[in-house]
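This briefing is intended for a reader who has the coordinates open alongside the text. Please consult the sequence and model below before proceeding to the points that follow.

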Amino acid sequence: MEPRGRLEGRYSRRAALAGALALSACGRGRGDAQAQPYDAPNQRLPALGLRDMAQVPVGNCISTAELDNADYVAMSVKQCSQIIPAWQFQMEATLRPDGGFQFEDADRIAAFARANALALHATALVWYTQEPPALKALDGQPDRFALAVRNYVQAIAGRYRGQAGSWDVVNEPIRDDGSGLRDCLFSRNLGQEDYIVRAFAWAREADPSAMLVLNDYDLERTPRKRWAFMRLVERLLKRGVPVQALGTQSHLDIGMDPAVCRPAMRELATLGLPIRVSELDVSFQAPRTSFMPRAQKLALQAQLYAEVVGGFLELPRHQQVGFAVWGLDDKRSWLRYRPGDGAAADCPCPFDDDERPKPAFFALADAFSRG
Ligand code: GLA
């Protein structure tokens with residue numbers, strides 16, 4: 001199977017982030033796609049939200065632009081008990097070119113969480129896609145670079161201490177093919193594995209109470225990547241690094257075999273750490289699926305949602321630390337920014353463009369209500 005379109009060259013994460021930032025800056029939503037036929041005509045939206053059915057925090061990402069949309073806010077608060085800033089806590093949003101900080105958007109998200117008694121999962125302290133000018137200017141000066149990153153971590157993790165219950169400390173450390181750790185601005189200046197070690201130490205120092213998470217994607221799709229991720233975690237734990245939970249993003253697509261999800265989840269859990277399903281969505285963009293009837297795509301998607309949530313709920317209770325989707329409704333999904341035919345009509349989320357529940361929603365609801 002062709003790998004999912006997250007590989008460098010096929011899809012630039014930076015482009016997606018830039019697109020999202022630009023849209024948010026001009027205050028537009030993403031709701032331009034055409035309404036789709038109703039997907040689950042016989043199933044009404046339950047009065048209870050997913051958060052009330054689940055024994056674990058149920059999360060969703062949210063942007064500042066979305067905070068201005070009353071319907072979406074109501075839906076988020078009904079379904080979720082946790083929010084994750086879509087990008088407002090990333091360096092590109094918070095670290096100014098002159099090295100100063102700008103936390104206005106991040107503060108808005110945090111205030112929203114407080115006002116609605118929602119837990120806040122923050123992401124990410126260090127992520128290879130982030131190359132803010134203030135840090136790029138220090139490339140090749142390891143001591144100054146280290147000082148700047150430490151100051152940054154102190155500033156942001158310190159600012160939300162007591163509020164961000166958990167942090168993705170390092171996001172996406174493993175190469176897509178699983179051949180090892182990524183090379184990036186941070187590894188160049190702080191050391192190949194040491195950048196991760198140091199980020200966790202700085203995070204711990206800045207916020208002794210937050211749960212510190214290592215997060216990555218394709219851990220179910222690419223076994224070799226999962227194994228490289230697990231070997232990294234083993235080495236980190238051996239070195240006394242305070243990795244306290246593992247995030248598996250679970251950005252899937254309907255071309256995947258649903259049967260890979262549960263074994264991958266079980267294997268990840270053998271390390272003994274709690275697991276967060278951190279960014280679940282299931283794209284319709286997959287090789288050889290373009291002529292598939294929509295009903296079949298929806299069923300495959302629901303099956304993948306069911307396998308991920310089922311695998312998660314089969315873990316020992318103390319290893320289930322949170323379950324988050326990356327977007328509640330299709331029209332706000334980040335995947336609609338992907339270049340290429342069809343991306344703008346992708347349907348990866350539990351609700352459709354008109355905020356009606358899809359079979360994927362009922363897969364989550366069924367699993368959570370069964371416990
Ligand atoms: C990754 C990151 C998230 C977010 C998405 C794209 O999966 O972990 O924080 O930026 O990409 O929106």
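Lys225 is placed over the face of Tyr217, 3.6 Å from the centre of the ring. A second charged side chain, Arg182, lies over the face of Tyr128 at 3.9 Å from the ring centre. The model is predicted, and the points below are grouped by topic.

**Overall architecture**

- The chain comprises 14 helices and nine strands.
- Of its 371 residues, 59% count as buried.
- Among the contacts in the chain with a separation of 6 or more, 77% are between residues 24 or more positions apart.

**Aromatic pairs**

- The structure contains 11 aromatic pairs.
- One of them joins Phe89 and Tyr160, whose ring centres are 4.7 Å apart; the planes stand at 40 degrees, so this pair is classed as tilted.
- This pair connects distant parts of the chain, 71 residues apart: Phe89 belongs to the loop between β2 (82-85) and α5 (91-94), and Tyr160 to the loop between α8 (142-159) and β4 (164-171).
- Phe89 and Tyr160 are both buried.
- Another pair is formed by Phe323 and Phe368, with ring centres 5.4 Å apart; the planes are at 90 degrees, and the pair is therefore edge-to-face, since angles over 60 degrees count as such.
- Phe323 is in strand β9 (residues 320-325) and Phe368 is in helix α14 (residues 359-370), so the pair ties together parts separated by 45 residues in sequence.
- Phe323 has a relative accessible area of 1% and is therefore buried.
- Phe368 is likewise buried, because its relative accessible area is 2%.
- Ring pairs also join Phe89, Phe101, Phe103, Tyr152, Tyr160 and Trp167 into a cluster.

**Packing of α13 against α14**

- The axes of helix α13 (residues 294-313) and α14 come within 8 Å and cross at roughly 25 degrees.
- This crossing makes α13 roughly parallel to α14, because the angle is under 35 degrees.
- The crossing of α13 past α14 is right-handed.
- On the α13 side, the residues that meet α14 are Leu298, Gln301, Ala302, Tyr305, Ala306, Val309 and Leu313.
- Their counterparts in α14 are Pro359, Ala360, Ala363, Leu364, Ala367 and Phe368.
- Phe368 thus appears both in this helix contact and in the ring pair with Phe323.

**Packing of α11 against α12**

- Helix α11 (residues 223-238) and helix α12 (residues 261-269) have axes that come within 10 Å and cross at roughly 15 degrees.
- The helices α11 and α12 are accordingly roughly parallel.
- The crossing of α11 past α12 is right-handed.
- Arg226, Trp227, Phe229 and Met230 of α11 make the contact with Ala264, Glu267 and Leu268 of α12.

**Surroundings of Thr248**

- Thr248 is located in strand β6 (residues 245-248).
- The relative accessibility of Thr248 is 3%, so this residue counts as buried.
- Apart from neighbours within four places in sequence, Thr248 is in contact with Asn215, Asp216, Leu219, Glu220, Leu268, Ile275, Arg276, Val277, Ser278 and Glu279.
- One of these partners, Leu268, also takes part in the contact between α11 and α12.

**Setting of Gln303**

- Gln303 is found in helix α13.
- Its relative accessible area of 40% makes Gln303 partly exposed.
- Gln303 and Ile254 are 49 residues apart in sequence, with a C-alpha to C-alpha distance of 9.1 Å.

**Backbone geometry**

- Thr123 and Ala124 are joined by a cis peptide bond, with omega about -5 degrees.
- Ala124 lies in strand β3 (residues 119-127).
- Arg288 is not a glycine, yet has a positive phi of about 60 degrees.
- Arg288 is situated in the loop between β8 (275-283) and α13.
- With 73% relative accessibility, Arg288 counts as exposed.
- Glu355, also not a glycine, has a positive phi of about 60 degrees.
- Glu355 occupies a place in the loop between β9 and α14.
- The relative accessible area of Glu355 is 22%, so the residue is partly exposed.

Definitions and conventions: Residues numbered from 1 in each chain as written. Predicted model: local features only at pLDDT ≥ 70, side-chain atom pairs only at ≥ 80, totals over all residues. Heavy atoms only, no water. Phe/Tyr/Trp six-rings, centres within 6.5 Å; stacked < 30°, edge-to-face > 60°. Helix = DSSP H or I, 4+ residues; strand = E, 2+ residues; numbered from the N terminus. Buried < 20%, exposed > 50% of the residue type's maximum accessible area, 1.4 Å probe, protein only. Lys NZ or Arg CZ within 6 Å of the ring centre and 35° of its normal. Axes fitted to C-alpha atoms, helices over the stretch in contact; angles between N-to-C directions. Parallel < 35°, antiparallel > 145°, perpendicular 65-115°, else oblique. Left-handed = near helix turned anticlockwise from the far one by under 90°. Contact = heavy atoms within 4.5 Å.
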